[in-house]
Every structure is written in structure tokens, then in C-alpha cells.
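Colleague: Please take me through the terms used for this model, and set each value against its definition.

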Amino acid sequence: MTPPETPPGTPTGDQAYPAWAEPAPHATHQVTNQVPPLVRDVAADPALLEALRREGAAWAEDGLRELGIRAGSAQTQELARLANENSPVLRTHDTSGNRIDEVEFHPAWHELMATAVRHGLHAAPWLDDSPGAHVARAAGFYVWTQAEAGHGCPVSMTHAAVPALRHEPALADVFQPLLGSRRYDPGLRPPGGKAGLLAGMAMTEKQGGSDVRANTTQAVPAAEGYLLTGHKWFCSAPMSDLFLVLAQAPEGLTCFLLPRVLPDGTRNSMRLQRLKDKLGNRSNASAEVEYDAAFAWRVGEPGRGVATIIEMVNATRLDCVLGSAAAIRQACVTAAYYAGERRAFGARLADQPLMMSVLADLALEAEAATTLAMRLAAAADRAARGDAGEASLLRLALPAAKFWVCKRTPMVTAEALECLGGNGYVEESGMPRLYRESPLNSIWEGSGNVTALDVLRALARSPGSAEVLLAEIDLAAGGDRRLDEAAAGLRRELKEAADLDQHAGQQAARRLAGLLAVTLQAALLVRHAPAGVAGAFCASRIAAGQPAGPALPFGSLPPGLDTQAALERATVGIAG
Ligand SMILES: Cc1cc2nc3c(=O)[nH]c(=O)nc-3n(C[C@H](O)[C@H](O)[C@H](O)COP(=O)(O)OP(=O)(O)OC[C@H]3O[C@@H](n4cnc5c(N)ncnc54)[C@H](O)[C@@H]3O)c2cc1C
């Protein structure tokens, strides 16, 4: 093409524009059948709200609805985009070459964090004696993580640090009020002088994360504490104020509390080596760290580090279930909304029989995941108040649910993404971010196999937990024949599993964990969900000889199911 003699926009003679730049007399096309971005009230979630009321936290509903509107707003979606597109940056040194070991976050990250802390989604419920405080916090976490999942990591770890910290009452007295404070106060300053604190966790080393007993970081007793020397291969949220760390003390593996800044204002010698370049979770920083005689206080008995930090691990495992249930719900709602607005072959996608089957199947998964997650949150709430039966239920149901719900999430997000066709593969839809995040909850706090093996450990060491879980399932007895048969089958499998040798037992662990989780989900739905939801779940997930089980892709539901209720509940507040 010959270049124009005058630059574009230059008036020539009495012409406003050169002839070649005249606007075309017609539009090339009109945009039709594209779906506007979804703005929604995230807390308009029937399974969530019903669980909130049922489990003793109806008092939190107004605050939850406020958070739900904020979570689904266009402004918050923009914050989430900015926080993920502007990943944290490691600043190892200042301009003079001094080490500073700081991570810089985009302002959007700080705004998301401030909202989470203001709503008490971190350690606030530990300061609240109201029954249901942990249920309310769980519901809030579930809602707000749908705004942006990455910053849920420090929020969750701060919540989870408290029960481990309570093994050392003197430290808990000082730091618990600050970990539960609703003031977000970022920046590296002595923890005692801040308005609010965040906590992280450092267990994983290069040679192994699952097998933490192989940790090599050494802890040497020193004045008023210990000096830690070694490394950690994954340490998320490295700008946190405090870290629970495992290290080898003279008595064996021990739990420590390591401050980033020492009480006298100097930096502790915790060096950030580099940040991980991660598949997803890109708003959050995960660092490799080195301790060079870093100061730490001991938490709990020397040599009992795993027993101490396991309290933190269990609380974060619950958040993995909540976070995955939230991702499943978010994926399902996004797909249902899109299908309700988009047309193909002369009809809405949502009215095409095969798409209805896919959406209904996703909706069933969301109902089951949310209902189970909230039941576990209620068990955690009551266990924290001394209910031994609920603690026993949690001991077995939590690893089973962590294994199962987290494993289902990548499958759900992939299927939901495809409901948006090519648009689902494009960043603007939000689905790629959800998809990249989806395997993470299964990896951390005990990867799939490790969590399934923990189910076996619970059965072996806390035999009462199986009875409590079966009793919970029995509360739904008589409600659905398929459930009764599945419960009887589960009893048989549990007995048979006890007779297996170690090799065969371990090979069966995933199957058993999945069976426990799905049967409990079915029982909870039979008791609490609309009949159509519970019936379709039982028919497709636990009925004997039913091929449409979890091994088949979503949308393979058996014929003749009443899926109306499931579909309606997936589109509450968003149906066009
Ligand atoms: C984004 C991100 C952030 C993280 N943040 C933190 C953090 O803040 N703090 C922290 O301490 N860690 C963190 N981690 C580490 C995480 O907890 C570990 O990656 C995880 O525990 C697994 O440990 P590993 O990577 O060493 O895998 P390995 O322990 O090597 O395990 C590899 C695989 O083998 C399986 N496996 C292990 N043992 C057995 C067995 N006996 N039988 C069968 N299979 C087995 C596991 O399930 C896994 O699939 C983070 C990880 C990621 C990805």
C-alpha cells in the first residue's frame, strides 16, 4: 500500500479527513450473542445459606450477603485481575546492596487482603466465643475466595496458626489478639508494634514435603529461644510477620515460631532466595527461603513438632475443602449463567438437552461439595468448643473430603470452562485462572495420596471415628434406598479394608477415601437438599451398578432424573 502523503487526521483543503480515512459508510458487523460479564451476589447460594442457618451461624447472614455482593462486583473482579496480572516481585537488595528480602505486591493485592481481614476471614473467630463463629468464618472464606483465590493462602494460614500456637500459651497470649485483629497492617516491623499480623508456615524442604520427618533444618538452643539454620523449598506469603517452622532440635523434629522482624526492629536472618514461577496462584508469592541462624521461639514440646503443627495442617485442610467447593460452585455458576445467555442452533444453550445434563451434573457436584464443606466447618466449630464426637468425625471425614473434593475440582473447572466454548479458554472469561488454580488444594497440606493414606491412619489409630462417621450417615437412613445400600456397602468395605495387608490396604486408600466422602455427601444431601437434588446425586454417584459414576465425564447422568431443582439452585440470582 502506498503511504499517504499526509499523516492520518491531517485536514486537507476543505476536507476534514483525507478520502482514504473517511469512516466507512457501513459497520462491518454488529456484536450479537456475546455474553456480558457476570456480576453477581456470590452469597446467593442456597446450599451455603441453608448450611449457615442450620449450623448455628444465621446471625452472620447479613455480613455474608454484604461480602457476597462485594465479591461478585465488577470492581472486585478488576482487583482480582490486577493482582494476578501483576505478580509479586522479589526485592532482595536495596540500592546500596544491603539485603532487604522483601516482596512487592500490587495495590490490588493489599485491597483484597484488607477486605478479607476486615471481615474476619483470618484468625478472628478464635477471639469470638459465639457458637458458630467458625461456621461464619468458613462461609465468608468460601464466598470471598470466589473473588480471588490466591490471597486466600495467607488468610487461611493465619487462621490455622492459632491452634498450633496455643501449644505455647505465653506466645499465644501475645500474638493471638494481633493475628485475630481486623486491621490489615502490611510491612515489615516488629510484630509486637503492629495493629494486625499475618502468619505463614514453612515445613517443605528440597528433599521432601510429604515426609517432613526428613527435614534437615537445624535448631540450636540460644538465649530466649533457638537459632535455626537450613532452608525451606516452599514458603508461601513470605511477607508474613510470623512463621510456624519445623526444624530438628536436639530432641528431634520440633515446631518453632519465627518472626520476620525481631523485637528490637532488626530483620531476622530469613533470606528469600527466589519466588516460584507457578502454574496458577499467581497473585500470591511462594518463596524459597534460607535461615542463617534465624531466631525462633519453640512451640509445643521439643521433639513433638509434627503433633504440634498438625493442628495448623488440619485447619488449612478444611480451607482446602472450602476453597475447592467454592471453585466448583464458581465454575458451575459461571457455566450456567453463560449457557443461559448464549444461543446456538436457534435456542439457548441452557435449553439444549445435552447441555442441561452437563450443567445439572456440575450443579450436583457443587451442592455436594458445599454441603460437605460446611458440615465439616460445623464439626470444626464444635470440636473447637470441646465436642469430642465432632472432633472424631472430623478426624476421618476431613482427609476423606480433602482427598475427594479437591480431586474433583480440576475436572469440574475443565468441564465448566468448555461450557463457554472458546471464550472459556480466554483469560477475560476468568475461567483459565480458575482452572490453573484448581489442582493446588489437592497438592498442598498433603497431596492426594498422602491424604488418602491419612484416611487409613485415622481408621487404624482412631477407630471410633469410623463409627461416628457411619452414625452421621445413618441419620439419613430410610431417606433413599440407594443411600441405604451404599451405607451397607461402605460398612462392608471398611471391614474388608481392615483385613487387607499393608500393600493392598494402601493401594485401596484412594477408593476408600472417595467412597467415604461420596457416601457422606449423599447422606447430607438426603437430609438437607431438595428431593430432586438428593435423588439425582444418589442415582448418579452411589447407586449400585450405575455407570454414571465419577469415572465418566460430567453430563453422563442416567436418564429420567429430576434435575430441575439442581439447575435452579445453580442459577439463583443470575438467571437471565
Ligand atoms: C503453590 C504452592 C505453595 C506452597 N506453599 C507452602 C508453604 O507455604 N509451606 C510449606 O511448608 N509448603 C508449601 N508448599 C509445599 C507443599 O505442601 C508440598 O509440595 C506438598 O506437601 C508435597 O510435597 P513435595 O512437593 O515434596 O512432594 P513429595 O513429598 O515428593 O510427593 C510427591 C508425590 O508423591 C506422593 N507420595 C508421597 N508419599 C507417598 C506415599 N507414601 N505413598 C504414595 N504416594 C506418596 C505425594 O502424594 C505426591 O503426589 C507449597 C506448594 C505449592 C505448590
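Modeller: Ala, Val, Leu, Ile, Met, Phe, Trp, Tyr, Cys and Pro count as nonpolar, Asp, Glu, Lys and Arg as charged, and the others, Gly among them, as polar. The model is predicted, so that local features need pLDDT of at least 70 and side-chain atom pairs pLDDT 80 or more, while totals for chains, interfaces and linings use all residues. Residues are numbered from 1 along each chain as its sequence is written, and side-chain values use heavy atoms, without hydrogens and water.

Colleague: What makes up the lining of the second largest cavity, by residue class?

Modeller: Six of its residues are nonpolar, one is polar and three are charged. The lining consists of Asp45, Ala47, Arg329, Cys332, Ala363, Ala366, Glu367, Thr370, Ala566 and Ala570. By the classes above, Asp45, Arg329 and Glu367 are therefore the charged residues, and Thr370 is the polar residue.

Colleague: Why is a space of this kind called a cavity and not a pocket?

Modeller: On a 1 Å grid over the protein atoms alone, a cavity is a set of points where a 1.4 Å probe fits but cannot get out; a pocket is an open set with protein on both sides within 12 Å along at least five of seven lines. Lining residues have an atom within 4 Å of a point. The search finds four cavities of 30 Å³ or more, and the second largest has a volume of about 50 Å³. That volume is the space filled by probe spheres set on the points, which are joined across faces, edges and corners.

Colleague: Which helices supply at least two residues each of this lining?

Modeller: They are H8 (305-341), H9 (353-384) and H19 (564-570), with the largest share, four residues, coming from H9. Helices here are DSSP runs (H or I, at least four residues), and strands are runs of E of at least two, numbered from the N terminus.

Colleague: What makes the approach of Ser210 to the ligand a polar contact?

Modeller: A polar contact is a pair of N or O atoms within 3.5 Å; within protein, one must be able to donate a hydrogen and the other to accept it, and residues adjacent in sequence count only if both atoms are side-chain atoms. A polar side-chain atom of Ser210 lies 2.6 Å from an oxygen atom of the ligand, so the pair meets the cut-off. Polar backbone atoms also take part: that of Ser236 is 2.7 Å from a ligand oxygen, and that of Met201 is 2.9 Å from a ligand nitrogen.
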